[in-house]
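Trainee: I am new to this one and would like to know what the terms rest on. Could we go through it together?

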There are 2 protein chains.
Amino acid sequence: MERTAVKLDYSLQEQQLAIFAKALGHPVRIQILKILSEQACCFNGDLTEIIPLAQSTISQHLKSLKDAGLIQGKIMPPKIRYCLNKEAWSEAQQLFESLFKNHIS
Amino acid sequence: MERTAVKLDYSLQEQQLAIFAKALGHPVRIQILKILSEQACCFNGDLTEIIPLAQSTISQHLKSLKDAGLIQGKIMPPKIRYCLNKEAWSEAQQLFESLFKNHIS
DNA sequence: AGCGTATATCGTAAAAGTACGATAGACAAA
DNA sequence: TTTGTCTATCGTACTTTTACGATATACGCT
């Protein structure tokens, strides 16, 4: 009678949720995502005018979000339009929902 | 006609959300929270038997969660019982919900 | 008082994150 | 072709995170 089963579910879902959560774990990135999700489907890097950080820093935050899969960038010549990745966004929504859903009373 | 108002709302909500998200940004902490939210309201550090990490490391993760306000520990003599902080948990739930709620189509 | 258990904290090392300025790349327009 | 604009990437510095073993603290029990 082993207890192998006990820690089997270090599931992909938990890992994916951690990846999404990590990407959300900085106020600037929250702000960017809020802008992308509310204001318009797409946006570009005049985030520089809204967010008081160096352009390179913002670019790094965008990269984090892209690496986590939450946003996508489309080259629209002089600029680049960033959009939410709606599939990933929905997936994140579901994962967070189900994390919070089943808690007792 | 200034544009001061534009970046006024680096709101507390965004910061709080980032704090919660950061706390959720590691699979081990997700796992701990899942255990605390599903299995029983409270739990103690025999997490050590479930999670294949050093006791001190797990203690650090618990500290992260405590610092973020998501859990509380009650001393129950030989051991310590960790519980979800339900208020914070609900707050987190609401903040994530409202982040994901308003996205276009 | 001394022992054992449970947990936190310290010290440390390696890795990752955050921010900046400077530079490089792509591409439209002149 | 050259110029200008927009963005990514590089190099760097500093901080934070993650993990470990070792040690300290708290407390019930003998």
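Mentor: Start with the axes: these are lines fitted to C-alpha atoms, for helices over the stretch in contact, and the angles run from 0 to 180 degrees between N-to-C directions. Helices (H or I, at least four residues) and strands (E, at least two) are DSSP runs, numbered from the N terminus. The model is predicted, with pLDDT of at least 70 needed for local features and 80 or more for side-chain atom pairs, while totals for chains, interfaces and linings use all residues. Side-chain values use heavy atoms, without hydrogens and water, residues are numbered from 1 along each chain as its sequence is written, and chains are lettered from A and ligands numbered from 1 in the order in which they are written.

Trainee: Why are α5(A) and α5(B) described as parallel or antiparallel to each other?

Mentor: The axes of α5 (residues 86-101) in chain A and α5 (residues 86-101) in chain B come within 10 Å and cross at roughly 160°. Angles under 35 degrees count as roughly parallel, over 145 as roughly antiparallel, 65 to 115 as roughly perpendicular and the rest as oblique. The two helices are therefore roughly antiparallel.

Trainee: Is their crossing left-handed or right-handed?

Mentor: The crossing of α5(A) and α5(B) is left-handed. That word applies if the near helix is turned anticlockwise from the far one by less than a right angle; clockwise gives right-handed.

Trainee: What makes the contact between α5(A) and α5(B)?

Mentor: Contact means heavy atoms within 4.5 Å. From α5(A) the residues are A:Trp89, A:Ala92, A:Gln93, A:Phe96, A:Leu99, A:Phe100 and A:Lys101, and from α5(B) they are B:Trp89, B:Ala92, B:Gln93, B:Phe96, B:Leu99 and B:Phe100. By class they are 10 nonpolar, 2 polar and 1 charged. Ala, Val, Leu, Ile, Met, Phe, Trp, Tyr, Cys and Pro count as nonpolar, Asp, Glu, Lys and Arg as charged, and the others, Gly among them, as polar.

Trainee: What angle do α2 of chain A and α1 of chain B make?

Mentor: Helix α2 (residues 27-38) of chain A packs on α1 (residues 12-23) of chain B at about 115°, with the axes 8 Å apart. That makes the pair roughly perpendicular. Here α2(A) passes α1(B) in a right-handed crossing. A:Pro27, A:Ile30, A:Gln31 and A:Lys34 meet B:Glu14, B:Leu17 and B:Ala18, giving 4 nonpolar, 1 polar and 2 charged residues.

Trainee: And how are α2(B) and α4(B) oriented to each other?

Mentor: Their angle is about 70°, and the axes are 10 Å apart. α2(B) and α4(B) are therefore roughly perpendicular. In that contact B:Val28, B:Arg29, B:Ile32 and B:Leu33 meet B:His61, B:Leu62, B:Ser64 and B:Leu65. The classes are 5 nonpolar, 2 polar and 1 charged.

Trainee: How many residues surround DNA strand D, and which are the closest?

Mentor: A residue is near a strand if one of its heavy atoms lies within 4 Å of it. By that test 20 residues surround DNA strand D, the closest being A:Ser59, A:Tyr82, B:Arg29, B:Ala54 and B:His61. Of the atoms of strand D within 4 Å of the protein, 61% are sugar and phosphate.

Trainee: What polar contact does B:Ser56 make with DNA strand D?

Mentor: A polar contact is a pair of N or O atoms within 3.5 Å; within protein, one must be able to donate a hydrogen and the other to accept it, and residues adjacent in sequence count only if both atoms are side-chain atoms. An N or O atom in the side chain of B:Ser56 is 3.2 Å from a base oxygen of strand D. A phosphate oxygen of strand D is 3.1 Å from a polar backbone atom of A:Ile80.

Trainee: Which polar side-chain atom lies 2.9 Å from a base nitrogen of DNA strand C?

Mentor: One of B:Gln55. A polar side-chain atom of A:Arg29 lies 2.9 Å from a phosphate oxygen of strand C.
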